[in-house]
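This report covers selected helices and loop residues of one model. Please look at the sequence and structure first.

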Amino acid sequence: MDSPVIPFIPVHEFSPEPDIVIEDQHTQSPLRKRARHTSSIDITASESSQLESLIMVSEESKGPVRDDAYYMADGSCVLRVQNTLFKIHRTILSKDQSFFGPMFTLPQGEFGEEGMSDDHPIVLQGDTAEEFKHFLWALYALPSELTIVRSPKADLSRLINIAKVSSKYSFKSTETWALDAIQEYLERNMFPLFNDNPLIRKSTSSTRSSALLESEGQIARLIRLAQMCSHSRLMDTMIQLLQKLMSGSLHYSYLAMTLADEFNLRDLRGAAYLEVMQTAVFVCPGVGNSHTYVEGDIQDTSEGPQRLVVSPMQQLRLLSGYHRLSRAWDRLRAVPPQFEHAPSCGATWHQHGCTQSWTDFWKEKTKSDGVLSLDSANVLGRLGIIVKEFDKWGSATYMHHDCKSAARRSIHEKVKQIQQALPDYFTEGGEY
């Protein structure tokens, strides 16, 4: 009897490995080859426990079926993905320094060479048949067929699947090609943001339409793909898109907030939490007032702002952000931003009078009706009103001209400082 199959566990610097199971009809427990893996973009952190179940051999109630396009008569390797059999060429799978090449060199089991028949396929876990079929299309398509990915008829979902599977099985050049095509697609279809773009479904309604759900799902997949592939350019593009969409729909604000939490996206977290804090009434899941609150639900209210159901941790961060920003305004209102007087101010003007004029302006405008009409935690909005008031101030002031310019810059610097620190305001503990 031959020795059992030795598991294949390639070293991967960044992520755990997926399972490749060698299905054996003659044994109770299938043999398993392990290989490099980066997490599926369809699996969130909250669903990580489900990922463990992918290690087990799938128990299909029906027998597998051969794929109509990629079960090739002259193929040399049979793969099973979900309930679909693919028969393709080992030479194709071994290209691009993928992990399949080393796997094919491993010792075989006692019942013959795995992957040589429908009865002994190599079972790939964690993929769907559609995803793997799209991936094979990229490997086998003719050059004339591949040009479609850079045309208006490009299929974004197919490109995402190709990039995901390529990354998982270390087809580096195919992964790069697919990611570049996705980036070109987004730049071609989103900038400027067109109303008919399939990714952009603005909605002020509390209910999610099928188009909105599709849009949110596609954006989430792209964010996860960018994170999985460490593609900073794609990540920056998606963050910019979500930041633009948040102002038009609470659905996108919640999506941005959730994705920022899941992937620790600092640049997105502060803006998303601020948008939710300012535009929604947020509650935790539960039952109250004859309503069942489910996380992520958005409900209209008679008071005006929509009610958003968030997780307890998100609620804590939102409340902490409100408290910290309100305190930041109290400190800012009492002491105006500091600036350095111009050298000419000391020579031709009285610096004390210049400073006093700036202090009087600040005290007056921080109590203006426009400023007080905004919530105390809306520090950025209040500073924006003060900037407009400053521009109306004119020359009827005892401030030196150069000092006025410096004072205006100090307001903008304070705005920038708060914007950069927004993620720190929305944390669940400590002081800020």
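How many residues does helix 11 have, and how far does it reach from its first C-alpha to its last? Helix 11, residues 266-279, has 14 residues and reaches 20 Å, close to the 20 Å expected at 1.5 Å a residue. The expected span is 1.5 Å times one less than the number of residues. Helices are DSSP runs (H or I, at least four residues) numbered from the N terminus. The buried residues of helix 11 (under 20% relative accessible area, 1.4 Å probe, protein chains only) include Leu268, Ala272 and Val276.

This is a predicted model, in which local features need pLDDT of at least 70, side-chain atom pairs count only at pLDDT 80 or more, and totals for chains, interfaces and linings use all residues. Residues are numbered from 1 along each chain as its sequence is written, and side-chain values use heavy atoms, without hydrogens and water.

Two loop residues have a positive phi without being glycine; exposed means over 50% relative accessible area.

| Residue | Phi | Loop | Relative accessible area |
|---|---|---|---|
| Glutamine 97 | about 60° | helix 2 (90-93) to helix 3 (100-104) | 76%, exposed |
| Serine 230 | near 55° | helix 8 (210-228) to helix 9 (232-246) | 63%, exposed |

Helix 12 (residues 312-334) and helix 16 (residues 379-391) pack at about 30°, with axes 10 Å apart. The axes are lines fitted to C-alpha atoms over the stretch in contact, and angles run from 0 to 180 degrees between N-to-C directions. The two helices are therefore roughly parallel, the term for angles under 35 degrees. Leu325, Trp329 and Leu332 in helix 12 meet Val379, Arg382, Leu383 and Ile386 in helix 16, contact being heavy atoms within 4.5 Å.

How values were computed. Angles under 35 degrees count as roughly parallel, over 145 as roughly antiparallel, 65 to 115 as roughly perpendicular and the rest as oblique.
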